[in-house]
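Biologist: Please pick one part of this model and take me through it closely, strand by strand. I'd like to follow what pairs with what, and then see where the empty space sits.

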Amino acid sequence: MLSGVFRKRRATTTSAAPDTGTAAPVPDGPPVLDAEDPPDMAAWAAGRRDSLRELVAEYGALVVRGLGLRTPADVGSVLREVAERPVIEREAFAARDRHADGVYSSSAWPPTQPMCMHHELSYAFECPGLMMFACLEPPLEGGATALADATAVLHALPSEVVDRFAREGWLLTRAYNEGIGATLSQSFGTDDRGSVEAYCRAHAIDWSWQPDGSLRTRQHRHAVVRHPVSGRSCWFNQIAFLNEWTMAPEVREFLIDEYGPDGLPFNTSYGSGDPVPPDVVEQINKTYEDHAVRRPWQRGDLLLVDNIRTAHSREAYQGPRNIVVAMADPVRLVLPRLQAGRAGA
């Protein structure tokens, strides 16, 4: 079933009928369920909660069209009916506006720069199991949230790439520099040193305070995980997205000139600490693109995503774009052998 849904070309997917869950062929992309403009969107979601979650479990993602979402409060009301509990974002790498528990604006990111494929908070101790994206205003051009199946990507990557990352894991290094990326408060919920250190210690993050008072962190995470429900092996990380070689060349050069090669706001490496070569980063991004599917946003669309099974990206766009993001159902995937958290990174 997975291969029929997440395939860039040739294949068809299925569209579930609103109440029965029966399927009919539709063009390539995640399945679409027509909600038919219900008078009470929260009640509609509550009555179909099990069916919605079953469809996401089967396909990895689902578009609900015709629900009539207009505000972040609408998104929150649906989230409360569909999810077990919201996720409060920590360790953000870019600023967001918080609308309610688990409900946020999209990450601040230049519209001319795409956001590469990734799994939300794959580097955190706990990540959302369920993601919801709601379109309150579609862009004039571009801006789709593309999807890629993590198991298909894992199997398509060269074995030498997978084997090393599966064996070593990956390292994420971050530098919290004033004026670039998320601030301490935005990332940790506080700028108090003691509280930040306590968070790092509890979440297997190495840290060090620099002479200028800024913070640098390092965390070691798995690159391949098993889905907690299906047991599928998934390529689950942000190795390519948060790597220096994925940055636009002019952005990378500016940041290195400004902060030095060790002061980039984020970078990734092999678990051993060795740099990831540009060709490996390119291979990962190309494999994602080869397995990407997308549907153009329509106003009021709701996209539900299994965050472990399915990676997502954001394409460059023109014009206004208002996508509200909701995170729920936290899952802990870090294994004991990678827990270290200590000062002096």
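Modeller: Happy to! A good place to start is strand 8 (residues 126–137), which runs antiparallel to strand 18 (residues 302–306), with five bridges between the two. A strand here is a DSSP run of E, at least two residues long, numbered from the N terminus, and two strands pair if DSSP finds at least two bridges between them. Do keep in mind that this is a predicted model: local features need pLDDT of at least 70 and side-chain atom pairs pLDDT 80 or more, while totals for chains, interfaces and linings use all residues. Residues are numbered from 1 along each chain as its sequence is written, and side-chain values use heavy atoms, with hydrogens and water left out.

To find the pairing with strand 18 on your screen, go to Leu-130 of strand 8, which stands opposite Asp-306 of strand 18. Strand 8 has another antiparallel partner in strand 21 (322–332), and the pairing between strand 8 and strand 21 runs over 10 bridges. Here the pair to look for is Cys-135 of strand 8, with Ile-323 of strand 21 opposite. Strand 8 is also mostly covered, as 10 of its 12 residues are buried (under 20% relative accessible area, 1.4 Å probe, protein chains only).

Strand 21 also leads us to the empty space you asked about. The largest cavity (a set of points on a 1 Å grid over the protein atoms alone where a 1.4 Å probe fits but cannot get out) holds about 150 Å³, taken as the space filled by probe spheres on points joined across faces, edges and corners. Its lining, residues with an atom within 4 Å of a point, comes to 14 residues, and the closest to the centre are Ser-106, Met-115, Phe-133, His-312 and Val-325. Three elements give two or more residues to this lining: strand 7 (115–118), strand 19 (310–314) and strand 21. The biggest share comes from strand 19, which gives three residues.

Now let me turn to another group of strands. An open sheet of four strands follows the order 12-13-11-16, with antiparallel pairing. At the edges sit strand 12 (206–209) and strand 16 (266–270), and each of these pairs on one side only. Coming in from the strand 12 edge, strand 12 meets strand 13 (residues 215–221) in an antiparallel pairing of four bridges. You can place this pairing by Asp-206, whose bridge partner in strand 13 is Arg-218.

From the other edge, strand 16 pairs with strand 11 (residues 170–176), again in the antiparallel sense, over five bridges. The residues to pick out are Arg-174 and its bridge partner in strand 16, Phe-266. Although strand 16 is an edge strand of this sheet, five of its five residues are buried, so strand 16 is largely enclosed by the rest of the structure.

One last stop is the cysteines. Counting a disulfide as a pair of cysteine sulfur atoms within 2.5 Å, the total is zero. Two cysteines you may want to click on are Cys-200, which is buried at a relative accessible area of 0%, and Cys-234, which is likewise buried, with 0% relative accessibility.

Definitions and conventions. On a 1 Å grid over the protein atoms alone, a cavity is a set of points where a 1.4 Å probe fits but cannot get out, and a pocket is an open set with protein on both sides within 12 Å along at least five of seven lines; lining residues have an atom within 4 Å of a point. Buried means under 20% relative accessible area, exposed over 50%, partly exposed in between (1.4 Å probe, protein chains only).
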